[in-house]
Amino acid sequence: MTFPGAIAEQLLPDELDRVSLSFLVDGLEIRRGGVGANIALGLGRLGLAPVLVGAAGSDHAGYDALLRDGGVDTSGVLTVPDLLTARFLCTTDRDQNQIASFYPGAMTRAATIDLADVLARTGPARIVLVGPDDPEAMRVRTEECRAAGIPFAADPSQQLARLTGAEALDLVRGAEVLFTNAYERELLLQKTGLAADEVLRQVGSWVTTLGADGVRIERRGEPDVRTSPPPERLRADPTGVGDAFRAGYLAGTVWRLPTLVAARVGCLLATLALEAVGTQEYVLDPADFLRRLADAYGRDTADLVGPHLASVRVPEALPAGR
Ligand SMILES: Nc1ncnc2c1ncn2[C@@H]1O[C@H](COP(=O)(O)OP(=O)(O)OP(=O)(O)O)[C@@H](O)[C@H]1O
Ligand SMILES: [Mg+2]
């Protein structure tokens with residue numbers, strides 16, 4: 001919601017023991033999101049067959065149908081009938097100050113999901129990304145991957161803030177890929193008290209996204225891989241760029257492309273997300289995608305990606321309200 005005034009002007013310093021505030025807002029937008037759904041939809045748009053694992057509430061049916069339309073297998077989603085799906089509610093004022101609440105709802109039950117059960121239904125997974133979720137669910141999912149020898153990507157993102165160093169390290173140890181942005185990278189080092197090369201020793205590779213500066217990928221004993229984002233057509237909304245990057249990078253990894261090329265697929269998908277308002281509203285037209293890859297990074301990059309997009313259909317216009 002957007003409040004045209006200043007939130008701070010409504011807070012009376014002498015009355016803070018009995019706050020009763022209501023903002024008359026002039027804008028309300030409802031958008032679908034959730035990091036798991038965002039990443040899964042990105043993978044689906046690139047023609048992969050992602051399985052979404054998480055807990056949703058009794059209000060999930062409409063979203064479930066949209067995800068399945070987008071190529072996402074939702075058979076790993078636990079429906080919790082007595083709770084609602086997690087939701088973030090935010091009021092932003094004219095100075096970009098915010099008052100927000102996060103309702104975790106059904107997410108608090110995510111630890112009860114059994115990954116082995118899910119994979120028995122869907123078939124084996126090439127890689128499992130453990131993203132921000134209920135902290136106990138993140139711990140359990142990581143442990144399930146380690147115990148079953150399933151390659152996993154550690155992506156604690158915003159949940160790093162509430163984890164101890166030992167908890168964070170437990171999510172990272174043995175990961176094929178560790179994802180952080182630049183801030184989360186520093187937070188992880190600070191919380192664990194480890195040096196970067198000590199963390200690097202625990203993972204296959206460490207992908208650090210650097211906002212407009214692109215991405216850096218480290219691997220122990222090898223030179224860093226770095227790339228910049230392609231030129232953007234507009235900057236509409238940066239929400240969800242990190243999720244889109246992950247979808248593109250993971251797709252490139254599953255396609256066994258060189259790390260640099262996977263990073264560029266990630267950067268271009270992130271740019272598509274940056275050019276659209278919302279986290280899932282971007283459209284992926286394969287011909288345009290390959291043209292932009294070639295323009296930004298050269299013909300060779302586009303030629304490596306092209307065969308993998310051969311079966312991706314040009315999307316129709318999205319239904320209104322999506
Ligand atoms: N201003 C920008 N211009 C171009 N590309 C960008 C910009 N910001 C982000 N990106 C792209 O998105 C990727 C992820 O961005 P960033 O490092 O900001 O992640 P994040 O902070 O985790 O984002 P999120 O808010 O989605 O969690 C970058 O590696 C880059 O490819
Ligand atoms: Mg992020």
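A polar contact, as the term is used here, is a pair of N or O atoms within 3.5 Å. With that in hand, welcome to a predicted model of a chain with twelve helices and ten strands, shown together with ligand 1. One such pair joins the ligand to G211, where a backbone N or O atom lies 2.9 Å from an oxygen atom of ligand 1. The notes below start at the ligand, step back to the whole chain, and then visit a few individual residues.

**Around ligand 1**

- The shell around ligand 1 holds 15 residues, and those that come nearest are N181, T209, G211, G214 and G242.
- T209 takes part through its side chain: one of the N or O atoms there is 2.7 Å from an oxygen atom of ligand 1.
- G211 takes part through its backbone instead, with an N or O atom 2.9 Å from a ligand oxygen.
- V241 also offers a polar backbone atom, which is 3.3 Å from an oxygen atom of ligand 1.
- On its own, ligand 1 has 630 Å² of accessible area, and the protein covers 78% of that.
- Two elements give two or more residues to the shell, namely α9 (241–254) and α10 (259–274).
- Of the elements, α10 gives the most, with three residues.
- By residue class, the shell divides into seven nonpolar, six polar and two charged residues.

**The chain as a whole**

- Twelve helices and ten strands make up the list of elements in the chain.
- The radius of gyration is 20 Å, close to the 20 Å that the globule rule gives for 322 residues, so the chain is as compact as a globular protein of that length.
- If you are thinking about box dimensions, the C-alpha atoms fill roughly 65 × 45 × 40 Å along the principal axes.
- Buried residues account for 47% of the 322 residues.
- Counting contacts between residues at least 6 apart in sequence, 64% join residues at least 24 apart.
- The accessible surface comes to about 16,300 Å², and carbon and sulfur atoms hold 53% of it.

**T208, a buried residue in a strand**

- T208 is found in strand β8, which spans residues 205–209.
- Its relative accessibility is 0%, and because buried means under 20%, T208 counts as buried.
- The side chain of T208 makes a polar contact with the side chain of R185, at 3.5 Å.
- Beyond residues up to four places away in sequence, T208 touches T180, N181, A182, R185, G214, V215, R216 and E218.
- Two of those partners, N181 and G214, are also named among the residues that come nearest to ligand 1.

**Two positive phi values in loops**

- Q96 is not a glycine, yet its phi is positive, near 70°.
- Q96 is found in the loop between β3 (87–92) and β4 (98–103).
- At 61% relative accessibility, Q96 counts as exposed, because the cut-off for that class is over 50%.
- R256 also has a positive phi without being a glycine, in this case about 60°.
- R256 sits in the loop between α9 and α10, the two elements that give two or more residues to the ligand shell.
- R256 is exposed, with a relative accessible area of 76%.

**Exposed residues and their partners far along the chain**

- Q158 lies in the loop between β6 (152–154) and α6 (165–172).
- The relative accessible area of Q158 is 51%, and Q158 is exposed because that value is over 50%.
- Leaving out residues up to four places away in sequence, Q158 touches V35, P132 and E184.
- Q158 and G248 are 90 residues apart in sequence, and their C-alpha atoms are 20 Å apart in space.
- R121 belongs to helix α4, which covers residues 115–122.
- R121 counts as exposed, at 53% relative accessibility.
- Setting aside neighbours within four places in sequence, R121 is in contact with S75 and G76.
- R121 and S75 are 46 residues apart along the chain, with 7.9 Å between their C-alpha atoms.

Technical notes
Residues numbered from 1 in each chain as written. Chains lettered and ligands numbered in written order. Predicted model: local features only at pLDDT ≥ 70, side-chain atom pairs only at ≥ 80, totals over all residues. Heavy atoms only, no water. Near = heavy atom within 4 Å. Polar contact = N/O pair within 3.5 Å; in protein donor to acceptor, adjacent residues only side chain to side chain. Areas by Shrake-Rupley, 256 points an atom, 1.4 Å probe, with all protein chains shown as cover. Helix = DSSP H or I, 4+ residues; strand = E, 2+ residues; numbered from the N terminus. Nonpolar A, V, L, I, M, F, W, Y, C, P; charged D, E, K, R; others polar. Rg over C-alpha atoms; globule rule 2.2 N^0.38 Å. Buried < 20%, exposed > 50% of the residue type's maximum accessible area, 1.4 Å probe, protein only. Contact = heavy atoms within 4.5 Å.
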